[in-house]
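Trainee: I would like a close look at one side chain and what lies around it. Please start from its contacts and work outwards.

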Amino acid sequence: MGDVFFQELDLPMTVRATTIPDSNGDFTIIVNINLSSEAKKAAITHEMCHIKHDHFYREFAVEADEEEARTEEKSQKARAYLKGIRIT
């Protein structure tokens, strides 16, 4: 996994976050600036799950990738990671 960059933008409330991979293997996670700090943390954790599982480079259906990310989000490891994220 390459570097991960974060940016906050004013997105529609139906979009918590999105991730854009680049040709260098790096990722930019764009988080909705209108979310609470806790919701931002959760959105970042979800996007990191997509990165961890290489969802940007496989041919599975989006639904399968989303289910895998949601399952990972709920794990103890993901919750521990979430506690370490500080949103200011």
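Which residues does Leu35 touch, not counting residues up to four places away in sequence?

Mentor: Leu35 touches Met13, Arg16, Lys40 and Ala43, with residues up to four places away left out of the count. Contact here means heavy atoms within 4.5 Å. A word on the source. This is a predicted model, where local features need pLDDT (the predictor's confidence in each residue, from 0 to 100) of at least 70, side-chain atom pairs count only at pLDDT 80 or more, and totals for chains, interfaces and linings use all residues. Residues are numbered from 1 along each chain as its sequence is written, and side-chain values use heavy atoms, without hydrogens and water.

Start with the core. Leu35 belongs to the largest nonpolar core, together with Ala17, Phe27, Ile29, Val31, Ala43, Ile44, Met48 and Ile51; that makes 9 residues. Such a core is a set of buried Ala, Val, Leu, Ile, Met, Phe, Trp, Tyr and Cys residues joined through side-chain atoms within 4.5 Å. Strand β3 and helix α1 each supply at least two of its members. The largest share, 4 residues, comes from α1. Helices (H or I, at least four residues) and strands (E, at least two) are DSSP runs, numbered from the N terminus. So Ala43 appears twice: as a contact of Leu35 and as a core member.

Now the helix. α1 covers residues 37-52 and lies across β1, β2 and β3. Lys40, another contact of Leu35, lies in this helix. Lys40 is buried at 8% relative accessible area (buried means under 20%, exposed over 50%, partly exposed in between, with a 1.4 Å probe and protein chains only). Lys40 forms a salt bridge with Glu8, with the closest N and O atoms 2.6 Å apart. A salt bridge is a side-chain nitrogen of Lys or Arg within 4 Å of a carboxyl oxygen of Asp or Glu. Glu8 sits in β1, so the pair ties together parts that are 32 residues apart in sequence. Glu8 itself is partly exposed, at 35%.

The whole structure holds 2 salt bridges. Lys41 and Glu38 also meet in one, at 3.4 Å from N to O. They are 3 residues apart in α1, about one helical turn. Lys41 is buried at 15%, whereas Glu38 is exposed at 51%.

Then the sheet. Its 3 strands are open and ordered β1-β3-β2, with mixed pairing. β1 (4-9) and β2 are edge strands with a single partner each, so one side of each has no neighbour in the sheet. β2 (residues 17-21) and β3 (residues 27-32) run antiparallel and are joined by 5 bridges; two strands pair if DSSP finds at least two bridges between them. Ala17 stands opposite Val31 of β3, and both residues are in the core with Leu35. The two strands form a hairpin with 5 residues between them, and Gly25 in that turn has a positive phi of about 90°.

Last, confidence. Mean pLDDT is 81 for the protein, and 75% of the residues score at least 70. Among the elements, β3 has the highest mean, 96, and helix α3 (residues 76-83) the lowest, 63. Where pLDDT is low, the predicted coordinates should not be read in detail.

Conventions
Axes are lines fitted to C-alpha atoms, for helices over the stretch in contact, and angles run from 0 to 180 degrees between N-to-C directions.
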